[in-house]
Every structure is written in structure tokens, then in C-alpha cells.
Amino acid sequence: MSHDDGRAIGEQAGAGEQEEALRSSAAFLVDEALGFLFPAALRAAAEVGVADHLATGPALPADLAAATGTDARNLHRVLRLLATRGIVAEDEQGRFALTGAGQALRSDVPHSARTAIRMLTDRTMWGPAGELTHCLTEGSTAFEKLFGMPFFDHFAKDERTAAVFHVGMAAMSDPENAPIAAAYDFPASGTVVDIGGGHGGLLLEVLRRNPGLEGVLYDRSHVLAGNRLDSHGEIAGRWTPQDGDFFSSVPSGDVHLLKRITHDWDDDSCVTLLGHCRSALRPGGRILVLDAVVPPGNGPHQSKALDLMMMASLTGRERTEADFAELFGRAGLRLSRVIPTSTVLSVVEGVVA
Ligand SMILES: C[S@@+](CC[C@H](N)C(=O)[O-])C[C@H]1O[C@@H](n2cnc3c(N)ncnc32)[C@H](O)[C@@H]1O
């Protein structure tokens, strides 16, 4: 939220007016600093499963507390803050109900955001974000300072955080997968390789829409174990899981998908990875980077926030179209098209140069 019209204080007339403007600006900044408590409340509500207990209708905090095994007075305080942002609404009898936005906090609805919220506000994300100053002064990731190893190495060693991350990542991706699969005109036949495909939600949508295609889900073995494709009989026999390290090699195919992969990594690592894709691409093949393209200007965009998560927890960054063109060029590829989708992500298409 922007506070004023962007004019510098000195441009506003009169000392009294200047002081008033500063008073109001200071109050604005304090409110902004307190803003971190909203995701904290959202996290708490997601953790204890408040929304699942509101699925059948409004409830008093005392009843909700009994159902969730929480402290009634403290739960009321959390709900009161969530109500200020339209997640729940309190009625005149003091009962809280889910709003339209709040429905997506339930676990039992399609595209539930509950596990995505738990992942995005987990201590593996929240801790490093609180150490952004380290990134500024040292120019390096805060994750390693706090956890002693790189982000994905930690998940390979710690089952709890791995489950939180990969389940949450699949949930965050879930509403994006069908629109992305629909936005691109895939070839009628051939092999699509989803590189770092996680639990496979995108590959599932691509294979469903394109019955002539086969797929490979490529990721670490502990991630593949949680894949969603096994439970979808309609694509049985048309896909294989493949375990590997994408910095060593990638499976060959006609279309390589990289969804929310390049933003995790620094430029040199991306060039290595894109180079492996280029070598493994069959003649006439394409690489589809599915990431946000940071728009110019001062307007808000999810990529500008996520970029700081990449800075704090990983070595990557969100990129502009020019950044992608440069990366592709360094890997012997040519950026052929950028196709916007109805999600925050675009399809950035690359072909062999
Ligand atoms: C940000 S997640 C994106 C997952 C999925 N593409 C999506 O959009 O939901 C990054 C994925 O890259 C995988 N990954 C990270 N390092 C890898 C490596 N060296 N080799 C293979 N996969 C890797 C992770 O396990 C994870 O599934």
C-alpha cells in the first residue's frame, strides 16, 4: 500500500505541513512494520486448522477453541486481526465466519492454500527473511547462516521441513498448473520432461490435456516418493519418475519444463542447468521456463516479494525478460517468446540458438 503521491517532503509547502506529513508518514511506517503480524496470524490459523472447523458455519471463539484445542481468548485475538483483512468476519453475536477468501484456508477444498501458507511462513523461510540485513551487508544468503547448509541440502537431510516444503510447494503450484498447461500449445506427440517437477501437478495437467504426449517427472528421490501422478489412473503408462541431480544431467525430451526452478538459482548455476537442457533436447525441441517475469515500474507484483525470499533463503532471484534473454544466450539458447498466463507466471520459451 502506498502512503502518498510520491512527492518528496521538501516539495510540500510550509513547515507546519511538513511536520504533519512526517507525523503521518512515521505512523504509516510503524503500521507497515507491524504488518509482519498478519502472516503470523494467518500461519497460526492454518496450523491449528481454524478454517476446517468453520466449514459448516459461523462459530464463537470459545467453541472454535474447544474444537481446535486452543486458548479461546488468544484465538479470538488472532481471528480479530484476520478479520481486518477479510479472511474471516465477526457478526453481531461475536461469531466468526469464513469469507470467500477464507474458504481457501480449508484443507478439504480444491486449491487449498493451507499447506502453502504453512510452507511460506515456515521457519526455513521466515527465519532467513528476518535476516535480510545479512544479505545486504554480506551479499550472501541468510539461510546458510541460520541452517549451516544450502536450502535444498537441508531438505534432503530433514524429513520434517522437506515434507512441509514439498507438500506446500505442490499446494502453491496447484491453482497455477491448469492455466499454465492451457496457455501453451504443446506438440501433439513426444516427451515432456518436468525438471525439478516436485510432486508432478504440472506434468499431470500437461498430460491430461495432450493425450499424445508422454512425460518424465525428474526430481530427487525423496520428492518423487510424494508424487501425485501415481493416483491418476488416466495417465498410467504415459509417464515415468526419474531421480537425479539436474546439475549433473537431465533426461532427453522434446519439451523441458522448468517451473519455479530458475528463480531458485544464481545466474551461473542457471547457465549450467540450461546448458544440460540444451544438450538433452531432441531436434526441434523447446525449453519452457515457467517463472514470473518482473514487470518494470513501482507497482506491486508477487515476484518483487518472492525475490526477497530467493535472496534470503536461496541464491536465486526473480528476473526480467532481459535477464532471461541473457541467461538463455549464455547457455546457447535463444529466447523465442514470452507468453503471459492468467497466473503470475509466464511461459518463457527458449530454443537452441
Ligand atoms: C521451487 S520447487 C518447484 C517444484 C515444481 N516445479 C513446482 O513449481 O511446484 C524446486 C524443485 O527443484 C527440485 N530440485 C532442487 N535441486 C535439485 C537438483 N539438484 N536436482 C533435481 N531436482 C532438484 C526440488 O526438489 C524441488 O522439487
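Helices and strands here are runs assigned by DSSP, numbered from the N terminus, with at least four residues for a helix and at least two for a strand. With that settled, I can start on the model, which is a predicted one.

Take Ala188. It sits in the loop that links H12 to strand E3, residues 190-195. Is Ala188 buried or exposed? It counts as exposed, because it has 9 C-beta neighbours inside 10 Å, and the cut-off for exposed is 12 or fewer. Along the chain, Ala188 and Pro211 are 23 residues apart, and their C-alpha atoms are separated by 7.9 Å.

Now the overall division. The protein is split into domain 1, residues 37-109, and domain 2, residues 176-352. Between the C-alpha centres of domain 1 and domain 2 there are 36 Å.

UniProt, in an unreviewed entry, adds two annotations. One is "domain: O-methyltransferase dimerisation", placed at residues 33-105. In the model that span is 59% helix and 8% strand, and its end C-alpha atoms lie 25 Å apart. The other annotation is "domain: O-methyltransferase C-terminal", also from an unreviewed entry, covering residues 132-333. Residues 132-333 are 47% helix and 18% strand, with 34 Å between the end C-alpha atoms.

Next, the ligand. Which residues come nearest to the ligand? Out of 17 residues around it, they are Ser173, Gly196, Gly198, Phe246 and Lys259. Helix H12, residues 159-183, supplies the largest share of this shell, with three residues. Sorted by class, the shell has seven nonpolar, six charged and four polar residues.

Let me turn to helix H15, residues 267-280. Its 14 residues should span 20 Å at 1.5 Å a residue, and the end C-alpha atoms are 20 Å apart, so the expected and computed spans agree. Which residues of H15 are buried? They are Cys270, Leu273, Leu274, His276, Cys277 and Arg278. As background, an α-helix has 3.6 residues a turn, so residues three or four places apart point the same way. The buried residues of H15 pack against five strands and a helix, as follows:

- strands E3, E6 (253-259) and E7 (281-291);
- helix H17 (321-330);
- strands E8 (333-340) and E9 (346-352).

Helix H17 also holds Ala322. Ala322 counts as exposed because it has 10 C-beta neighbours inside 10 Å. Its C-alpha atom is separated by 9.4 Å from that of Val293, which is 29 residues away along the chain.

Now two backbone angles. Most residues other than glycine have a negative phi. His111 has a positive one, near 65°, and is not a glycine. His111 lies in the loop between helix H6 (100-103) and helix H7 (114-120). It counts as partly exposed, because 14 C-beta neighbours fall inside 10 Å. Arg260 is also not a glycine, and its phi is positive, at about 50°. Arg260 is in the loop between E6 and H15. Is Arg260 buried or exposed? It is buried, because it has 20 C-beta neighbours inside 10 Å, and the cut-off for buried is 20 or more.

Last, a pair of neighbours in sequence. Ala129 is part of helix H8, while Gly130 lies in the loop between helix H8 (123-129) and helix H9 (132-138). Ala129 is buried, because 20 other C-beta atoms lie within 10 Å. Gly130 is partly exposed, because it has 14 other C-beta atoms within 10 Å.

What is Ala129 in contact with, leaving aside its neighbours within four places in sequence? The contacts are Leu308, Met309 and Ala312. Ala129 and Met309 are 180 residues apart in sequence, yet 6.4 Å apart in space, C-alpha to C-alpha. Gly130 and Phe247 are 117 residues apart in sequence and 30 Å apart in space, again C-alpha to C-alpha.

That is what I have for today.

Notes:
Residues are numbered from 1 along each chain as its sequence is written. This is a predicted model: local features need pLDDT of at least 70, side-chain atom pairs count only at pLDDT 80 or more; totals for chains, interfaces and linings use all residues. A residue is near a molecule or strand if its C-beta atom, placed from the backbone, lies within 6 Å of it. Ala, Val, Leu, Ile, Met, Phe, Trp, Tyr, Cys and Pro count as nonpolar, Asp, Glu, Lys and Arg as charged, and the others, Gly among them, as polar. UniProt positions are given in the numbering used here, feature names are shortened, and annotations may be inferred rather than shown by experiment. Domain bounds come from an automatic or database domain assignment. The expected span of a helix is 1.5 Å times one less than its number of residues. Two residues are in contact if their C-beta atoms, placed from the backbone, lie within 7 Å.
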